[in-house]
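Grab a pencil and let's work through a few short exercises on aromatic rings. Try each task yourself before you read the solution.

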Amino acid sequence: MSNISKVAVITGASSGIGAALVKAFREAGYGVVANSRSIAPSADPGIVAISGDISSPETAERIFSEGVARFGRIDTLVNNAGIFTAKPFTQFTAEDWAANIGTNLAGFFHVTQHALRRMEAQGSGHIVQITTSLVDQPINGVPSVLASLTKGGLNAATKSLAIEYASRGIRVNAVSPGIIKTPMHPPETHAALSGLHPLGRMGTMQEIVDAVLFLEKAAFVTGEILHVDGGQAAGHW
Ligand SMILES: NC(=O)c1ccc[n+]([C@@H]2O[C@H](COP(=O)([O-])OP(=O)(O)OC[C@H]3O[C@@H](n4cnc5c(N)ncnc54)[C@H](OP(=O)(O)O)[C@@H]3O)[C@@H](O)[C@H]2O)c1
């Protein structure tokens, strides 16, 4: 497509932050390869929709083979697909474990391997993880070890990959949200969730999109965990 110069892969693209990222990257002139399990084909020729579970290596392979077939290159990967299971530690089930490790960690691993091989061949690229400030500041009353375990792993991997790939023209960053108004949180929970932020409100999807777009343009920033969390990670309040 002649009017597309850059291409972004966005996982978890059917809902919430991922859907908002697809819209924003398209408005910025990117071609977008959009994945989720239930994602519908798009009428926009600048979007390739790849349905499939991101924990599967086969889904990761299709995202890149079909994305490159359509657009010829991949410049950016946003590892946004994620699930959140809050419960007391001893109540987590084997299914909770498998789902959280599968989506949040295996989903990052397979697709990021493909991205880095492609970006290395191109000599440039940018990868962004969407994590959570619960990693830095667990909240009494929100027991969520599997979120900390998986998203904390992504924060650590962000720094590790930033160093491993810096000399090859590839940047790796993360956005660490507070609690964001997405379909993950029913409206009746919003008042209580607002109180879990020093700034006294939930974040918006646009605020997370703005952070990703800032990192996308910030050529001297790599290995950064950018907290967009109303002050949660700063300390107690
Ligand atoms: N909302 C918050 O307060 C908050 C806070 C901190 C971090 N985050 C992180 O931000 C990211 C987006 O969250 P959100 O609030 O926008 O969530 P959301 O509205 O629930 O959307 C999640 C997206 O991920 C997709 N998805 C889930 N499991 C998947 C899988 N196995 N394979 C492929 N796609 C999968 C879903 O689509 P399908 O069902 O079609 O697969 C959906 O598109 C997540 O990583 C989340 O952990 C959110």
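**Exercise 1.** In this predicted model, work out whether phenylalanine 25 and tyrosine 30 are buried or exposed.

*Solution.* Start with the cut-off: buried means under 20% relative accessible area. Phenylalanine 25 has 0%, so that residue is buried. Tyrosine 30 has 9%, so tyrosine 30 is buried too.

**Exercise 2.** How many aromatic pairs are there, and how are their rings arranged?

*Solution.* The count comes to two aromatic pairs. Take phenylalanine 25 and tyrosine 30: their centres are 4.9 Å apart, with 90° between the planes, which makes the pair edge-to-face. Now take phenylalanine 89 and phenylalanine 92: here the centres are 6.5 Å apart and the planes sit at 75°. Planes over 60 degrees apart count as edge-to-face, so this pair is edge-to-face.

**Exercise 3.** Where is phenylalanine 89 found, and is that residue buried or exposed?

*Solution.* First, find the spot: phenylalanine 89 is in the loop between strand 4 (76–79) and helix 3 (94–122). Next, check the accessibility: exposed means over 50%, and phenylalanine 89 has 57%, so this residue counts as exposed. Its ring partner, phenylalanine 92, has 15% and therefore counts as buried. Finally, look at the surface: Phe89, Trp97, Val145 and Leu149 form a nonpolar patch there, with about 420 Å² of accessible area together.

**Exercise 4.** Which ring does arginine 168 lie over, and which one does arginine 70 lie over?

*Solution.* Arginine 168 lies over the face of tyrosine 165, 4.2 Å from the ring centre. Arginine 70 lies over the face of phenylalanine 71, at 6.0 Å from the ring centre.

Methods. Residues are numbered from 1 along each chain as its sequence is written. This is a predicted model: local features need pLDDT of at least 70, side-chain atom pairs count only at pLDDT 80 or more; totals for chains, interfaces and linings use all residues. Side-chain values use heavy atoms; hydrogens and water are left out. Rings of Phe, Tyr and Trp (its six-membered ring) pair if their centres lie within 6.5 Å; planes under 30 degrees apart count as stacked, over 60 as edge-to-face and the rest as tilted. Buried means under 20% relative accessible area, exposed over 50%, partly exposed in between (1.4 Å probe, protein chains only). A charge sits over a ring if NZ of Lys or CZ of Arg is within 6 Å of the ring centre and within 35 degrees of the ring normal. Patches are made of residues with over 30% relative accessible area and no salt bridge: like charges are joined within 9 Å, nonpolar side chains (Val, Leu, Ile, Met, Phe, Trp, Tyr) within 5 Å. Accessible areas come from the Shrake-Rupley method with a 1.4 Å probe; for residues, only the protein chains shown count as cover. A salt bridge is a side-chain nitrogen of Lys or Arg within 4 Å of a carboxyl oxygen of Asp or Glu. Helices (H or I, at least four residues) and strands (E, at least two) are DSSP runs, numbered from the N terminus.
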